[in-house]
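I opened the notebook to look up how the helices pack and what lies on the surface.

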Amino acid sequence: MIAETVCSAVSAAGLGIAVITAYRRRFLAAARLAAYSLVPVGLVMTGVVGWLADTALSPTAWAGFGVLGAAWLLFTGTRAVERRRGTTGAERRAARRAERDTVTPAATAPPLGGTTAGPSARPATPRTTTRSAGASEDFSDIEAILKKHGI
């Protein structure tokens with residue numbers, strides 16, 4: 001009852017200001033003020049104000065807002081964790097599917113050419129902890145790139 005009275009008073013005051021504005025020959029501003037001042041009366045007539053008053057005083061409604069807030073926190077929290085990991089659920093499922101469907105290299109068939117000359121045909125060289133001639137060959141490529149760039 002009080003809410004309807006306040007809304008009616010606000011609308012009447014707004015319409016009065018709109019009339020004064022129109023008297024000053026500012027018709028566009030007066031029409032805009034009239035439109036804004038009719039909104040509270042329209043809300044009262046449609047029942048929105050009564051619904052809001054009932055909702056604001058209802059403990060069940062406030063509990064519902066609390067549940068909605070908890071759901072929002074859960075959604076935003078899970079999104080933050082996904083962003084921190086850098087993946088989404090669909091990407092993780094695709095990665096698991098790809099791991100399950102891949103075939104190990106040992107299980108593949110030999111090449112169709114019939115030759116077995118490849119990395120497995122070379123004799124294995126023992127690794128040493130000191131620098132050998134092979135290690136200096138690897139660094140020669142790097143040195144050439146550095147010299148090319150003037151470093």
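I took helices (H or I, at least four residues) and strands (E, at least two) as DSSP runs, numbered from the N terminus. The model is predicted, with local features needing pLDDT of at least 70 and side-chain atom pairs pLDDT 80 or more, while totals for chains, interfaces and linings use all residues. I numbered residues from 1 along each chain as its sequence is written, and side-chain values use heavy atoms, without hydrogens and water.

Surface entry. I found a nonpolar patch of Val39, Leu43, Val48, Trp51 and Leu52, with about 460 Å² of accessible area together. Patch residues have over 30% relative accessible area (Shrake-Rupley, 1.4 Å probe, only the protein chains shown as cover) and no salt bridge (Lys or Arg side-chain nitrogen within 4 Å of an Asp or Glu carboxyl oxygen); nonpolar side chains (Val, Leu, Ile, Met, Phe, Trp, Tyr) are joined within 5 Å, like charges within 9 Å. H2 and helix H3 (48-56) each give two or more residues, and H3 gives the largest share, three. Val39 sits in H2.
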